[in-house]
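Me: Please take a close look at one part of this protein, the second largest pocket, and then set it in the context of the whole model.

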Amino acid sequence: MAALAPLPPLPAQFKSIQHHLRTAQEHDKRDPVVAYYCRLYAMQTGMKIDSKTPECRKFLSKLMDQLEALKKQLGDNEAITQEIVGCAHLENYALKMFLYADNEDRAGRFHKNMIKSFYTASLLIDVITVFGELTDENVKHRKYARWKATYIHNCLKNGETPQAGPVGIEEDNDVEENEDAGAASLPIHPPQPSSSSSTYDPSNMPSSSYTGIQIPPGAHAPANTPAEVPHSPGVTSNTIQPTPQTIPAIDPALFSTVSQGDIRLTPEDFARAQKYCKYAGSALQYEDVSTAIQNLQKALKLLTTGRE
């Protein structure tokens with residue numbers, strides 16, 4: 001992808017979007033779709049903050065130039081031309097970063113890479129708001145991920161050992177003040193699958209709650225975890241071997257289910273079914289077979305029974 005024209009210095013008024021813009025830069029080569037939507041979020045948020053002062057108008061104008069250039073480069077990419085595909089792409093990407101960090105956390109493997117993953121996942125959930133309001137699950141995940149990044153960062157900074165897994169959330173920390181809260185990419189070795197299920201279903205979350213926040217179980221990162229792989233000293237090969245994936249059991253009833261004549265699907269039902277299919281397609285881009293199967297099953301059940 002061609003290099004984008006640099007932006008002028010960030011006005012002080014736009015401090016709240018500096019990390020989203022940094023995430024965009026980090027993904028220009030890794031995932032241009034993510035980079036595009038991070039800039040779009042920054043643009044929309046910046047317009048709401050200040051679009052009148054000269055320095056802010058100049059900055060937003062240059063940011064708009066970057067967006068237009070990116071849109072031309074991405075051409076007919078469905079994740080740009082179709083909002084439902086773009087939303088699915090971002091949600092899947094953010095979820096994989098969240099699950100990677102959550103798995104490392106629950107295993108007691110604390111390092112800057114997992115802090116970075118937690119915080120980046122929270123930023124990408126911010127970005128999903130360009131498509132509309134967040135789901136309750138995404139709101140909970142964003143709050144938990146951002147808090148976890150702060151908590152673990154502060155523990156490591158103070159020479160303390162963080163408590164693994166979900167713990168009580170404190171509201172008085174702001175991870176945005178911690179500029180070094182995880183500055184590296186993910187490590188070279190993706191975590192191995194745990195004995196628990198490696199699939200994730202927001203509608204089937206564990207009963208454990210922490211200040212009202214419910215967290216999905218840890219899961220291993222899929223073969224194509226969305227992150228760059230750095231070179232590590234002493235490692236002769238940086239090839240990532242795909243980790244085994246747990247394939248969810250398929251409901252046999254789905255094979256024999258035939259849509260009943262008296263079932264009337266609403267436009268909302270068709271929209272939800274289409275969304276599940278788009279989610280499945282996005283999951284397959286990351287070779288996440290389990291998530292793809294789950295979403296296809298949901299779409300099939302909805303279309304044949306009128307219920308989810």
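Reply: What follows starts with the whole model, goes on to the pocket, and ends with two helices.

This is a predicted model, in which local features need pLDDT of at least 70 and side-chain atom pairs count only at pLDDT 80 or more, while totals for chains, interfaces and linings use all residues. Residues are numbered from 1 along each chain as its sequence is written, and side-chain values use heavy atoms, with hydrogens and water left out.

The protein has 10 helices and 2 strands (DSSP runs numbered from the N terminus: H or I of at least four residues for helices, E of at least two for strands). Their order along the sequence is α-α-α-α-α-α-α-β-β-α-α-α. Of the 308 residues, 46% are buried (under 20% relative accessible area with a 1.4 Å probe, protein chains only).

The mean pLDDT (the predictor's confidence in each residue, from 0 to 100) is 75, and 68% of the residues reach 70 or more. Helix α2 (residues 32–49) has the highest confidence, at a mean of 97, and strand β1 (residues 209–210) the lowest, at 32. Over residues 171–243 the pLDDT is below 50, and this stretch has 155 contacts in the model beyond near neighbours in sequence (a contact means heavy atoms within 4.5 Å).

Now the pocket. On a 1 Å grid over the protein atoms alone, a pocket is an open set of points where a 1.4 Å probe fits, with protein on both sides within 12 Å along at least five of seven lines; lining residues have an atom within 4 Å of a point. The volume of the second largest pocket is about 200 Å³, counted as the space filled by probe spheres set on the points, which are joined across faces, edges and corners. Its lining consists of E83, I84, C87, E91, I128, F131, G132, E133, L134, T135, N138 and K275. Helix α5 (residues 83–106) gives the largest share, 4 residues. By type, the lining has 5 nonpolar, 3 polar and 4 charged residues.

Two helices remain. In α6 (residues 112–127), 15 of the 16 residues are buried, so this helix is largely enclosed by the rest of the structure. Its end C-alpha atoms are 22 Å apart, which agrees with the 22 Å expected at 1.5 Å a residue (1.5 Å times one less than the number of residues). Helix α10 (residues 289–305) has 17 residues and reaches 24 Å from first C-alpha to last, close to the expected 24 Å. Its buried residues include S290, I293 and L302. After α10 comes G306, with a positive phi near 75°.

Definitions and conventions
Buried means under 20% relative accessible area, exposed over 50%, partly exposed in between (1.4 Å probe, protein chains only). Ala, Val, Leu, Ile, Met, Phe, Trp, Tyr, Cys and Pro count as nonpolar, Asp, Glu, Lys and Arg as charged, and the others, Gly among them, as polar.
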